[in-house]
Amino acid sequence: MAVEKLFKDEATEEKGERARMASFVGAMAIADLVKTTLGPKGMDKILQSTGRGHSVTVTNDGATILKSLHIDNPAAKVLIDISKVQDDEVGDGTTSVVVLAGELLREAEKLVASKIHPMTIISGFRMAADCARNALLDRVMDNKKDAEKFRSDLMRIAKTTLSSKILSQDKEHFAKLAVDAVMRLKGSTNLESIQIIKKAGGSLKDSFLDEGFILDKKIGLGQPKRIENAKILVANTAMDTYKVKIYGARVRVDSMAKVAQIEGAEKEKMREKVKKIIGHGINCFVNRQLIYNFPEELFADSGILAIEHADFEGIERLALVTGGEIASTFDNPESVKLGHCKLIEEIMIGEDKLIHFSGVQMGQACTIVLRGASFHVLDEAERSLHDA
């Protein structure tokens, strides 16, 4: 009697034939789901989220589709993990791995049904995999020595990847963008230094590659619109505290003049902080948080370009490409590493103004600006380009 009560009341158990059957069915269902998106004739899926706003995603990227599914079947989860790893490691072929694994399982099911032990089937699969790898390795060529051939190989790879994506109509153009961006990396695999900005408007053909770094922000009022040989301090610090903010404490004063004194003291504190920042000998200050009018006015008086509320990814990447570090205290100017670039100026893309940093220290950095009719198109275009 004691043995029977191993599990909780609501627990269910499947073993032997039934458990194996459930795994086969789950994995094959997942493979069938993404099978229709495979290849140049593959179709897109429209996914609607169950969360707030019911946002809609249109995609034929296997990893994106599988990430959006909520699934209980353990074998199906393994297939989803395979496609995630493929997405992180290689970037493309996310659908192919799932479909291939699903088909292998479909064949394995027939063999299991004819009473062959699973271990025998697996050792057969392993032999087949070795055989297939050797066949591929025999045919491999490497044109690294010849720059012209190497580039044309890269173009072919990029075009192959883009053939089954939304960008297949303009694959020449986008394959060139992808190859140019990757060639600038000079062999490093850090995709962080390729930034992709999406701007609705125009057509996909209007997308272009820009050397340098573009920050999606406007330049403030009364500040220089163009700076040459910029020294940049990238910071994450509060620049909005010259108004009285005392939380959880009570200040009792007997006249309004005293309140003004407290405000004056706060203002002085801010002025001191701005002086310290200016003391670094910079001409551009980029902050992750807000900069209120008073410090902005002080920066403008000193001829320093102050950019506020840059998104976190933006300043991380800006620090990386200009060779600076993100600072939050300013007492020791010699320990702060400043970023450098040849020119900062304001540019317009479509109807938006952005800030362009050119001649950055990390020469391989570049920005790809994607244009397109709607945000759904741009999101899918970004995924396709990332795969390429």
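In the predicted model, the largest nonpolar core comprises 23 residues. Within this core, the residues with the most contacts are L215, I232, V286, I307, I344 and F357. At least two core residues each come from strand 5 (213-215), strand 6 (226-235), strand 7 (284-287), strand 8 (305-307), helix 10 (312-322), strand 10 (339-349) and strand 11. The surroundings of L215 illustrate the packing. When neighbours within four places in sequence are set aside, L215 contacts V286, I307, A310, G314, L354, I355 and F357. Among these partners, V286, I307 and F357 are also listed with L215 as residues having the most contacts inside the core. A second core, separate from this one, contains 19 residues, including A175, L185, L378 and L385.

Charged side chains were examined next. Side chains of opposite charge can pair when their charged atoms come close. The structure contains 23 salt bridges. One of them joins K35 to E103, with 3.4 Å between the closest N and O atoms. K35 belongs to helix 1 (residues 17-35) and E103 to helix 4 (residues 94-113), so this salt bridge ties together parts that are 68 residues apart in sequence. K35 is partly exposed, at 33% relative accessibility, and E103 is also partly exposed, at 27%.

A salt bridge is also formed by the side chains of K198 and E382, with an N to O distance of 2.9 Å. This pair links distant parts of the chain, as K198 lies in strand 3 (residues 194-200) and E382 in helix 11 (residues 375-387), 184 residues apart. K198 has a relative accessible area of 30% and is therefore partly exposed; E382, at 25%, is likewise partly exposed.

The residue that follows K198 in the numbering, K199, pairs with D352, and the closest N and O atoms of this salt bridge are 2.9 Å apart. Because D352 is located in strand 11 (residues 352-360) and K199 in strand 3, the pair ties together parts separated by 153 residues in sequence. The two partners fall into separate accessibility classes: D352 is partly exposed at 32% relative accessibility, whereas K199 is buried at 9%. Salt bridges with shared partners also connect D32, K35, E103 and R106 into one network. This network thus includes both K35 and E103, the pair that bridges helix 1 and helix 4.

With regard to cysteines, a search of the whole structure returned zero disulfides. C341 takes part in no disulfide, and the nearest cysteine sulfur, belonging to C284, is 7.4 Å away. That distance exceeds the cut-off, because a disulfide requires a pair of cysteine sulfur atoms within 2.5 Å. C341 is buried, with a relative accessibility of 4%. C131, in contrast, is exposed, with a relative accessible area of 53%.

On the surface, L100, L104 and F125 make a nonpolar patch of about 260 Å². L104 is part of helix 4, the helix that also carries E103. The relative accessibility of L104 is 38%, so this residue counts as partly exposed. Helix 4 thus holds a residue of the nonpolar patch, L104, as well as a partner in the salt bridge to K35, E103.

Technical notes. Residues numbered from 1 in each chain as written. Predicted model: local features only at pLDDT ≥ 70, side-chain atom pairs only at ≥ 80, totals over all residues. Heavy atoms only, no water. Salt bridge = Lys/Arg side-chain N within 4 Å of Asp/Glu carboxyl O. Helix = DSSP H or I, 4+ residues; strand = E, 2+ residues; numbered from the N terminus. Buried < 20%, exposed > 50% of the residue type's maximum accessible area, 1.4 Å probe, protein only. Core = buried A, V, L, I, M, F, W, Y, C linked by side-chain atoms within 4.5 Å. Contact = heavy atoms within 4.5 Å. Patch = residues over 30% accessible without salt bridge, like charges linked within 9 Å, V, L, I, M, F, W, Y side chains within 5 Å. Areas by Shrake-Rupley, 256 points an atom, 1.4 Å probe, with all protein chains shown as cover.
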